[in-house]
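This report examines one protein chain, with attention to its charged side chains, its pockets and its backbone. Please keep the sequence and the structure in view while reading.

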Amino acid sequence: VKWGRIKSEERAIEKLLRSYDSDVSKLVDLVRQSIIFDSIADLVACVRQIESDRDVVIVRIKNRLHTAYNSRESAGYRDLLLNLRIETEMTMMVGVETHVCEV
């Protein structure tokens, strides 16, 4: 697991204006976490484990490993992004069950 740095205020504002038409609900990567795998099989096993968790709602999967993805769009970078929400009694109690996380 690799923890990313918190996105700077300047970068967050830039991304909001450039990519999200000022819609703050689309800004889901202020705090990031990466899981690095040795193989695609390990990545698939992890995604399946996350999918099977009853407390997790997967909002979006962005698969930049897919052969149809044009890696020139990301300077050759490839990954798989999960946007998800955690819906538990605790997250509902504190009002964060609609918060979207990016892994």
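## A salt bridge within a helix

In this predicted model, E14 and R18 form a salt bridge, and their closest N and O atoms are 4.0 Å apart. Both residues belong to helix α1, which covers residues 9-19. Because E14 and R18 are four residues apart in this helix, about one helical turn separates them. E14 is partly exposed, since its relative accessibility is 42%. R18, with a relative accessible area of 55%, is exposed, because the limit for that class is over 50%.

The pair does not stand alone. A network of salt bridges links R11, E14 and R18.

## Other salt bridges

How many salt bridges does the rule count? The count comes to four. One of the others joins R64 to D79, with the closest N and O atoms 2.7 Å apart. This pair links distant parts of the chain: R64 and D79 are 15 residues apart, and each lies in the loop between β3 (56-63) and β4 (80-86). Are R64 and D79 buried or exposed? Both R64 and D79 are buried.

A further salt bridge brings together the side chains of R85 and E87, at 2.6 Å from N to O. E87 has a relative accessible area of 30% and is therefore partly exposed. R85 is also placed in the partly exposed class, because its relative accessibility is 21% and buried residues must be under 20%.

## A buried charge without a salt bridge

E102 is located in strand β5, which comprises residues 101-102. E102 is buried, yet it has no salt bridge. The nearest side chain of opposite charge belongs to R60, at a distance of 4.5 Å. The reasoning here rests on a cut-off: a salt bridge requires the nitrogen and oxygen to be within 4 Å, so this pair is not counted. The side chain of E102 does, however, make a polar contact with the side chain of N83, at 3.4 Å.

## The pockets

Empty space is the next topic. Rolling a probe the size of a water molecule over the atoms shows where such space is left. The largest pocket has a volume of about 890 Å³. It is lined by 35 residues, and those closest to its centre are S34, Y77, D79, L80 and L81. D79 is also the partner of R64 in the salt bridge described above. Which element supplies the largest share of the lining of the largest pocket? That share, five residues, comes from α2. At least two lining residues come from each of β1 (2-3), α1, β2 (33-34), α2 (40-52), β3 and β4. By class, the lining of the largest pocket contains 17 nonpolar, 14 charged and four polar residues.

The second largest pocket has a volume of about 150 Å³. Its lining includes L27, V28, D29, L30 and V31, as well as H99, V100, C101, E102 and V103. E102 thus appears again, as the buried residue in contact with N83. The lining of the second largest pocket divides into seven nonpolar, two polar and two charged residues.

## The loop between α1 and β2

Most residues other than glycine have a negative phi. In the loop between α1 and β2, D21 has a positive phi, near 50°, and is not a glycine. D21 is exposed, because its relative accessibility is 71%. S22 is found in the loop between α1 and β2, and its phi is about 65°, a positive value although S22 is not a glycine. S22 counts as partly exposed, at 45% relative accessibility.

K26 also has its place in the loop between α1 and β2. K26 is partly exposed, with a relative accessible area of 44%. The C-alpha atoms of K26 and L16 are separated by 8.0 Å, while the two residues are 10 residues apart along the chain.

## The chain as a whole

The chain contains three helices and five strands. Along the sequence, these elements follow the pattern β-α-β-α-β-β-α-β. Taken along the principal axes, the C-alpha atoms fill a box of roughly 40 × 35 × 25 Å. Of the 103 residues in the chain, 25% are buried; R64 and D79 are among the buried residues, as is E102.

Key: Residues numbered from 1 in each chain as written. Predicted model: local features only at pLDDT ≥ 70, side-chain atom pairs only at ≥ 80, totals over all residues. Heavy atoms only, no water. Buried < 20%, exposed > 50% of the residue type's maximum accessible area, 1.4 Å probe, protein only. 1 Å grid on protein atoms, 1.4 Å probe; cavity = no way out; pocket = protein on both sides within 12 Å on 5 of 7 lines; lining within 4 Å. Points joined across faces, edges and corners; volume = space filled by probe spheres on them. Nonpolar A, V, L, I, M, F, W, Y, C, P; charged D, E, K, R; others polar. Lys, Arg positive; Asp, Glu negative; His and termini not counted. Polar contact = N/O pair within 3.5 Å; in protein donor to acceptor, adjacent residues only side chain to side chain.
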